There are 2 protein chains.
Amino acid sequence: MNYTYRHARPAVTADCVVFGLDEEDLKVLLVQRGQEPFQGHWALPGGFAVVGEALEDTARRELAEETGLKDVFLEQLYTFSDPQRDPREHVVTVAYYALVNLSDHPVQAATDARSAAWFCIDDIPKLAFDHDRILQTAYERLRGKITYQPIGFELLPEKFPLRMLQGVYEKILDRPLDKRNFRKKILSMEILEELDEIETDVGHRAARLYRFNKRVYDDKVKQGFIFEL
Amino acid sequence: MNYTYRHARPAVTADCVVFGLDEEDLKVLLVQRGQEPFQGHWALPGGFAVVGEALEDTARRELAEETGLKDVFLEQLYTFSDPQRDPREHVVTVAYYALVNLSDHPVQAATDARSAAWFCIDDIPKLAFDHDRILQTAYERLRGKITYQPIGFELLPEKFPLRMLQGVYEKILDRPLDKRNFRKKILSMEILEELDEIETDVGHRAARLYRFNKRVYDDKVKQGFIFEL
DNA sequence: GCAAAAGTGTTTGCTCTACACCCATGT
DNA sequence: ACATGGGTGTAGAGCAAACACTTTTGC
């Protein structure tokens with residue numbers, strides 16, 4: 001079954017850069033390609049656009065199909081349209097980036113023939129197509145955005161100690177932060193709920209757990225509040 | 001001459017939100033549609049992607065063809081892919097925004113059958129397709145970006161007095177700024193060249209002219225400088 | 001000489017930074 | 001008791017905000 005148009009059309013795809021964080025580093029989820037071109041190479045999860053489906057939905061669907069991840073934080077990153085970026089033909093890709101917490105999503109086994117795995121951000125193999133460039137763009141966006149949008153929480157479990165939140169910022173910005181200043185700043189925003197719970201299974205004093213309160217945050221934004229670390 | 005593919009493909013377009021500034025207000029460049037759908041409605045300049053051409057080039061080419069504008073500051077804004085955004089079929093549009101100074105580009109006569117005109121940002125007619133939404137997104141981006149990227153200069157002539165630069169910020173942020181603090185802040189960045197020229201044709205004391213020095217700015221950025229108003 | 005905008009300094013308060021110690025818990 | 005991180009206060013520096021007057025020029 002073929003489709004015919006009066007003018008040539010570029011193909012359209014959606015690709016996802018999925019960031020995850022564990023106790024050590026920032027990681028990226030990659031899939032191994034099962035077909036040419038770049039068979040066997042690692043690549044960003046993604047796939048071809050479907051007529052009638054918004055590209056964000058395409059991105060989510062392909063992500064679920066290829067890696068099992070669902071219901072993640074996902075935002076559009078950038079659209080790459082260099083005619084040479086795919087050796088076969090002109091393929092325009094709309095790239096998205098996703099943030100997930102690795103404790104809820106441990107190294108996923110492959111769900112179809114392909115395998116998927118998490119890679120440390122400083123230890124990424126050569127990727128298929130221009131996916132290196134897309135990944136780099138995503139990483140820059142993440143670094144830029146995390147200081148003025150409350151997206152760091154997306155990399156953590158729902159309930160987290162402040163140390164862990166600080167770790168998110170330190171790992172992504174790649175510099176140490178002063179503990180007391182960090183706490184003062186983030187708590188003074190009053191967008192975290194202090195819970196009546198503490199950590200478990202730690203070999204020292206257990207820290208209090210907090211939860212990001214999106215409702216309160218959205219209210220404050222409406223009143224002119226601007227998140228900034 | 002037709003083109004056939006094994007899978008259905010959405011059409012791809014590039015649209016431009018062109019902002020211009022004069023002594024009074026922020027304006028947007030619109031074109032009147034000559035064909036259905038939305039014949040006679042005002043719309044953003046733009047057109048269909050061409051295989052083998054990067055979408056930014058498509059945007060620039062269509063902008064020049066429809067409005068005569070060339071060599072403008074242009075950045076990608078967002079990609080809109082709602083399947084219902086075009087009543088005919090699924091059309092994915094990659095939107096760009098451009099900044100030009102209106103003194104160099106006065107109200108352009110139409111270059112082909114269509115007419116093009118500048119509209120004040122608070123007095124925009126109902127636009128074709130989802131172009132209202134695209135315009136709104138672009139305006140939000142402009143407001144956000146102008147405080148942390150040196151893009152305000154793109155709306156001014158090459159040589160400008162500080163009052164005019166302050167006007168850019170006041171009109172886009174839509175709030176008054178303190179004259180002395182503004183001058184102190186912007187001059188302390190040392191990215192403006194103080195010229196040996198002054199305004200002409202003003203009915204009062206003529207102000208000194210300045211020029212944005214992109215080379216110096218780029219150098220400073222490499223050394224960690226961050227523009228912020 | 002008057003209108004209109006250019007240009008210039010200082011004070012005040014606040015926010016960011018840097019820094020050190022005691023506390024609670026598990027082993 | 002000791003090791004590990006949890007949790008807290010304060011002083012100083014630097015930055016941002018608020019504010020008023022003198023100067024220059026054109027008409």
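A polar contact is a pair of N or O atoms within 3.5 Å, and this cut-off is needed in the first exercise, which, like the second, concerns a predicted model.

**Exercise 1.** Work out which side chains make polar contacts with DNA strand C, and describe the protein surface around that strand.

*Solution.* Begin with the surroundings: 18 residues surround DNA strand C, and the closest are A:R180, A:N181, B:R163, B:K179 and B:R180. Next, compare distances with the cut-off. A polar side-chain atom of A:R180 is 2.6 Å from a base nitrogen of the strand, while an N or O atom in the side chain of B:R180 lies 3.4 Å from a base oxygen. For A:R205, the partner is a sugar or linking oxygen of DNA strand C, again at 3.4 Å from a side-chain N or O atom. These pairs are therefore polar contacts, because each distance is within 3.5 Å. Finally, sort the surface near the strand by class, which gives two nonpolar, four polar and twelve charged residues.

**Exercise 2.** Describe how domain 1 and domain 2 of chain A meet.

*Solution.* First locate the parts: domain 1 of chain A covers 11-146 and domain 2 covers 158-222, and ten residues of domain 1 touch seven residues of domain 2. Then consider the area, since the two domains bury about 770 Å² between them, 67% of it on carbon and sulfur atoms. On the side of domain 1, A:L21, A:E23 and A:I146 supply 61% of the buried area, more than any other three residues. Lastly, search for specific pairs: the interface has zero salt bridges, but three residue pairs are in polar contact across it.

Terms used:
Residues numbered from 1 in each chain as written. Chains lettered and ligands numbered in written order. Predicted model: local features only at pLDDT ≥ 70, side-chain atom pairs only at ≥ 80, totals over all residues. Heavy atoms only, no water. Buried area = accessible area lost by both parts, 1.4 Å probe. Salt bridge = Lys/Arg side-chain N within 4 Å of Asp/Glu carboxyl O. Polar contact = N/O pair within 3.5 Å; in protein donor to acceptor, adjacent residues only side chain to side chain. Near = heavy atom within 4 Å. Nonpolar A, V, L, I, M, F, W, Y, C, P; charged D, E, K, R; others polar.
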